[in-house]
Amino acid sequence: MRFTVLSLFPEFVESMADYSVIGRGIQSGLISLECVNIRDYTLDKHNNVDDYGYGGGPGMVIQPQPVVDAILKNRGWEGHVVHLSPRGKVLTQEKVEELSEKKHIVLVNGHYEGIDQRVLDHYIDEEISIGDYVLSGGELGSMILIDAVSRLVPGVLSNQDSAIEESHSSGLLEHGHYTRPYNFRGYRVPDILLSGNHKKIEDYRRKESLKVTYLRRPDLLGSAELSSSDIDYLRALKKQIKEEKNGHH
């Protein structure tokens, strides 16, 4: 998997090369990360890349020329060009899985009031948002996307199963994890996890995933793949919670 990041602050993203998962992927040759300074492509003699927006309004707008030249020079034949923007579709695990099938992702990071719309209309394959809030630039969004996609590149994680079992991969939030000591300040590890019965442990973890998803992100249950036993458990859980609430009144 090849990542090319176009940014006014490439050194910010370059720091990922030393990060555990990404660093290992780069060292093993499974991932390549190249950070390009958009400013290197400006034709302005003062090295400026922004100007006042037509129609007035606060803030500056990044000019199309340096961004387009940077894209054309660095995307190659296989580059899938993504603009990180609050106007884009929100990044989901499903989208991460889709992006992991690409061979080369080019990430375009804006600043100020944004990038000239003509770049977005004609030189970008898609716009992606990492959430419903505004950041100072796209770099943090790019880093999140790179991290999420890299985890799905075969061989990057030491145990590929951990990428499959984590939150959102199954449509549910992940169950809790425990390690030694068994008794920490009076709080004990659930005994089922020490039973050695893998089927019971699997069932317990599934129910915990259903429970935490129902309590914290019930919206995810609408698109999750649920078995009949999952549905029965959720019905019982809802009934139990309702009874507990009524018992407190």
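Leaving aside its neighbours within four places in sequence, which residues is Gly-110 in contact with? I took this up as the opening entry, working on a predicted model.

**Entry 1: Gly-110.** I found contacts from Gly-110 to Ile-62, His-83, Ile-115, Ser-136, Gly-137 and Gly-138, with neighbours within four places in sequence set aside. I then located Gly-110 in the loop that runs between strand 6 (104–109) and helix 5 (117–122). Its relative accessibility is 11%, so I entered Gly-110 as buried, the limit being under 20%.

**Entry 2: the annotated site.** I looked up the UniProt record, an unreviewed entry, under "binding site". The record lists Gly-110 together with Ile-130, Gly-131, Asp-132, Tyr-133, Val-134 and Leu-135. I checked two further members of this list, Gly-131 and Leu-135.

**Entry 3: Gly-131.** I placed Gly-131 in the loop between strand 7 (126–129) and helix 6 (139–150). Gly-131 has a relative accessible area of 9% and is therefore buried.

**Entry 4: Leu-135.** I placed Leu-135, too, in the loop between strand 7 and helix 6. Is Leu-135 buried or partly exposed? I noted a relative accessible area of 38%, which makes Leu-135 partly exposed, since that class lies between 20% and 50%. Beyond its neighbours within four places in sequence, Leu-135 is in contact with Ile-130 and Leu-140. I also took the C-alpha separation of Leu-135 and Val-81, which is 20 Å for residues 54 apart along the chain.

**Entry 5: a nonpolar patch.** Which residues make the nonpolar surface patch of about 460 Å²? I recorded Phe-9, Phe-12, Tyr-133, Leu-135 and Leu-140. Of these, Tyr-133 and Leu-135 also appear in the UniProt "binding site" list. I followed Phe-9 to the loop between strand 1 (2–7) and helix 1 (10–14). Phe-9 counts as partly exposed because its relative accessibility is 36%.

**Entry 6: helix 2.** I went through helix 2, residues 20–27, and found Val-21, Ile-22, Gly-23 and Gly-25 buried. Helix 6 is included in what covers the buried residues of helix 2. Just after helix 2, I noted that Gly-29 takes a positive phi of about 80 degrees.

**Entry 7: domains.** How is the chain divided by its domain assignment? I entered domain 1 as 2–160 and domain 2 as 183–247. The centres of domain 1 and domain 2, taken over C-alpha atoms, are 38 Å apart.

Terms used: Residues are numbered from 1 along each chain as its sequence is written. This is a predicted model: local features need pLDDT of at least 70, side-chain atom pairs count only at pLDDT 80 or more; totals for chains, interfaces and linings use all residues. Side-chain values use heavy atoms; hydrogens and water are left out. UniProt positions are given in the numbering used here, feature names are shortened, and annotations may be inferred rather than shown by experiment. Helices (H or I, at least four residues) and strands (E, at least two) are DSSP runs, numbered from the N terminus. Buried means under 20% relative accessible area, exposed over 50%, partly exposed in between (1.4 Å probe, protein chains only). Contact means heavy atoms within 4.5 Å. Domain bounds come from an automatic or database domain assignment. Patches are made of residues with over 30% relative accessible area and no salt bridge: like charges are joined within 9 Å, nonpolar side chains (Val, Leu, Ile, Met, Phe, Trp, Tyr) within 5 Å. Accessible areas come from the Shrake-Rupley method with a 1.4 Å probe; for residues, only the protein chains shown count as cover. A salt bridge is a side-chain nitrogen of Lys or Arg within 4 Å of a carboxyl oxygen of Asp or Glu.
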